[in-house]
Structure formats: C-alpha cells, structure tokens
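Trainee: I would like to go through the labels on this structure. For each one, I will ask what earns it.

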Amino acid sequence: YLQLPADLTKMHLTDNPHPQVTHVPSSQSGCSIASDSGSSSLSDIYQATESEMGDVDLTGLPEAPVDSEDEEEEEDEDIDRTSDPLLGRDVVRECLEKEPADKTDDDIEQLLEFMHQLPAFANMTMSVRRELCSVMIFEVVEQAGAIILEDGQELDSWYVILNGTVEISYPDGKSESLCMGNSFGITPSLDKQYMNGVVRTKVDDCQFVCIAQQDYWRILNHVEKNTHKVEEEGEIVMVKEHRELDRSGTRKGHIVIKATPERLIMHLIEEHSIVDPTYIEDFLLTYRTFLTSPLEVGNKLLEWFTVDSLRDKVTRVVLLWVNNHFNDFEGDPAMTRFLEEFEKNLEDTKMKGHLRLLNIACAAKAKWRQITLQKPSRDSPLFFTLLGGSDKGFGIFVETVEMGSKAAEAGLKRGDQV
C-alpha cells in the first residue's frame, strides 16, 4: 500500500529519504488556520449575502475572539510545558511502554502527535496512524553492533526507528543506513516474508516500535477498502477516504486525502462533505507547496465566474482568500490585477452585496505605507487619478494608475486610500 501505483506518479509528491514513504498533501485540518496577517473567517458574513437580498449594509468584518489575560497566561504555561522536548519524550515513552490493551485514548493521542512527525507514517491517513498507535509495541536495543535481523530470517513485524541508527548489510556487499523515522521489515501482506540482508544497530540505545504482521496487514487492508478513487481517462486523479466523525453515524462522508494539483483546484467549487467543511481554507493555506503560481488558481476562478451556477462558489473562494491571505495579492502585481478584474466582474453582474464584502475585506487587511512620488515640475502629469472627497461623502481613493508610469513604479495602486 505504501508504494504508489504507476498511475499516481503524476500527482504532486514530496521527495523523501526513505524509498517506502512518500508525503502527499492532505486536507485533514479540523479548523481554519489564519495567516500571519491576522485573518478571520468570512463564512458567516458571506452567508448574509448568499441570497442577494439587495444591497447589504455591512459596517465591518467580525472580530476574532480575544482571550482574557488570565487565559493567555494559562496558555503560555501550557505551551512552556509542551514545548519541552525532554518532557514530551518522557510522556511518549510512558505511553509506549504500556501493553496495547492498557493504552488509553489519551495515550494513543499522545503517540499520534509524536508519530505523525516521522517519515514512515507520512503517507498514512489519520485513522490508520491511530490504529497503528493502538497496537504498536516498544523495543530497545541498548548496545551498538547488536544484530536485530539475520539474513534469510522470517519476518513477522514492521519496525519504525524512534531513536538511533541501524545499518542493513545486503548480500551483494552494499549497505544502507536508516535513522529516526525510517522503517524496515515486512510489507502489508500475509505471505511469508524473509529478510534480505543483516540489520544491526550502529549506536547505543536504539529504540523501535514494532507492529505485528497480522495487525499491519489488517489495518492497511481495511483502509484500502475504505477509500474511493476517482479516475479520468484511465488515470487516478483523486483519492478520497470515508470517515465517520461520531458514533451516531450522522456525520460521515468522504474526505480528500490526495489528488493531482488540477483536481485539487477543481474541488474548490465542488460540493464538500460534512466531514471536510474547511477544504477551501486548507487549500488556500497549503497550495504554495504544490503550485508554482497563485494565478493558476486565479485564472480558473475567473473562468468559472462566467458560469452562472458557479458564480456564488467562486465568489466565496475569493472572499476567503482575500480575507485570510491578503499578502498573496498585496505583494504581487499580477494578483492585484486579478483582484481588479474580479471586482469588475462583480460590478458587471450587479452582485452588490458580494462587492461590498470584497471592499470591506480589502480595506480591513490593507497596511499603511508611505509612497514618495517625485515630479520634475508642477506642470508634469501625475499619471494617476483620484476619486472621492467630502463632496462625495467618502474618502479619497486612487481610481486609476497608468501602467509603466512613475506612479506605478513608486508602488501606487488602484484602490489605495489616501
């Protein structure tokens, strides 16, 4: 299961030092993560204009909840406690040393938090990791040079290194060193398997977690049955996993765990499962890891905006994007032009409520800056025009900026408030 089939090779994958493990982006977050510019979700205020009940009077974006000083102090203490690596290691070791039957839900959560950082678990879903954490057994080999597996020995477990380094010496004379987070041993199959080479420790105090062959096969095989693969022209372009968030069975559905970049973009305007409500926020937070330019998303959104049935969904994506990651637009002239074109589309389609939301979001996220524009003489043109003033009843804004002019080079942009 850990080896991706050939038809998945076109998906974006991150290189990994261990050949069995491949990291793929997934949308498993249970909440919307804000950017460093101080973001807040637009979902609530967007819903207010979804029905387009004429012009909506909105005075500002919703403020994020602010904790009291006492709560902040408590959180700081929690962070201090959890950020101590030695303390964290001790807690994890206590959980590991328990027999599988004695592990509590809290123990498994502690192990899950630690194991998800290791490359061996990178290509596994959260449910698989949780089940593996519930059955894993802890082993320690104290001395360097100790043989763990002999050449030709029958294998019965999958091993993941938690501490130390091991060396695999192959019969052809080649050798390979594996360190923390790497794995060796059986593959997920019930067939008899034998070790190819000798595995020995290279340093003292090597620590491992072991998962029995029967458990390893059962857990990974169950997940294979629980996934749904979307194919286009004979190629797998998306893999979804069925999940249930509670025992009542009311909150269940499919969540995207991997896909091609093109399919991930397309999923922005598709119906999202009840178990994957923050897909758009997660995508906007992570797309930089698998797309070369945000315009790949922007151009598709402009194309979809021309379709009446997709217009509301596209607008929601853009509003969330502006609200949560305004730096994507503010620091990129091409993305600024995208935003201007999108604004014009809202004006042309008379989506006044959405247009006001866009203006509110841009105004709330914009940062103060000082621009110095030098003119050779008083009579020289400004290369920009202004709009507004007291006689208009609103502030002074830059209406147009001539492309390639001194004003544009100085950083003046359409929509700037003076």
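**Labels and their grounds**

Mentor: Start with a facing pair. His 242 stands opposite His 254 in strand 11. This is a predicted model, and the strands here are antiparallel: 7 bridges join strand 10 (residues 235–244) to strand 11.

Trainee: What makes strand 10 and strand 11 a pair?

Mentor: The bridge count. Pairing needs at least two bridges. Strand 10 and strand 11 have 7, so they pair.

Trainee: Why do strand 9 and strand 11 count as edges of their sheet?

Mentor: The sheet is open, with 3 strands in the order 9-10-11 and antiparallel pairing. Strand 9 (227–232) and strand 11 (252–259) each have a single partner strand, so one side of each lacks a neighbour in the sheet. On average, neighbouring strands of this sheet are turned by 30 degrees against each other, direction ignored.

Trainee: Which strands pair with strand 8, strand 1 or strand 3?

Mentor: Strand 1 (residues 137–141) pairs with strand 8 in the antiparallel sense, over 5 bridges. Phe 138 stands opposite Val 209 there. Strand 3 also pairs antiparallel with strand 8, over 6 bridges. Ser 157 has Ala 212 of strand 8 as its bridge partner.

Trainee: What makes strand 8 mostly covered?

Mentor: Of the 7 residues in strand 8 (residues 206–212), 6 are buried. Helix 8 (residues 279–286) is mostly covered too, with 6 of its 8 residues buried. Those are Tyr 279, Ile 280, Glu 281, Asp 282, Phe 283 and Leu 284.

Trainee: On to the rings. How many aromatic pairs does the structure hold?

Mentor: It holds 14.

Trainee: Why is the pair of Phe 121 and Trp 158 called edge-to-face?

Mentor: The ring centres of Phe 121 and Trp 158 are 5.7 Å apart, and their planes stand at 80 degrees. The limits are 6.5 Å for pairing and over 60 degrees for edge-to-face, so both tests are met. The pair links distant parts of the chain: Phe 121 sits in the loop between helix 4 (105–115) and helix 5 (126–135), Trp 158 in strand 3 (residues 157–163), 37 residues apart.

Trainee: How do you know that Phe 121 is buried?

Mentor: Buried means under 20% relative accessible area. Phe 121 is at 0%, so the label holds. Trp 158 is also at 0% and counts as buried.

Trainee: What makes the pair of Trp 158 and Tyr 216 stacked?

Mentor: The planes of Trp 158 and Tyr 216 are 10 degrees apart, with 4.6 Å centre to centre. Stacked needs under 30 degrees, so the name fits. Tyr 216 is in helix 6 (residues 213–225), 58 residues from Trp 158. Its relative accessible area is 0%, so Tyr 216 is buried.

Trainee: What links Tyr 279, Phe 283 and Tyr 287 into a cluster?

Mentor: Ring pairs do, and the cluster also takes in Phe 290, Phe 305, Trp 321, Phe 329, Phe 338 and Phe 342.

Trainee: Why is Arg 311 said to lie over the face of Phe 305?

Mentor: Arg 311 is at 5.1 Å from the ring centre. The distance limit is 6 Å, so that part of the test is met.

Trainee: Where is confidence lowest, and where is it highest?

Mentor: Helix 1 (residues 43–49) is lowest, at a mean of 45, and helix 9 (residues 295–305) highest, at 95. The chain averages a pLDDT of 79, with 77% of the residues scoring at least 70. Over residues 1–40 pLDDT stays under 50, as over residues 43–64.

Technical notes: Residues are numbered from 1 along each chain as its sequence is written. This is a predicted model: local features need pLDDT of at least 70, side-chain atom pairs count only at pLDDT 80 or more; totals for chains, interfaces and linings use all residues. Side-chain values use heavy atoms; hydrogens and water are left out. Rings of Phe, Tyr and Trp (its six-membered ring) pair if their centres lie within 6.5 Å; planes under 30 degrees apart count as stacked, over 60 as edge-to-face and the rest as tilted. Helices (H or I, at least four residues) and strands (E, at least two) are DSSP runs, numbered from the N terminus. Buried means under 20% relative accessible area, exposed over 50%, partly exposed in between (1.4 Å probe, protein chains only). A charge sits over a ring if NZ of Lys or CZ of Arg is within 6 Å of the ring centre and within 35 degrees of the ring normal. pLDDT is the predictor's confidence in each residue, from 0 to 100. Contact means heavy atoms within 4.5 Å. Axes are lines fitted to C-alpha atoms, for helices over the stretch in contact, and angles run from 0 to 180 degrees between N-to-C directions.
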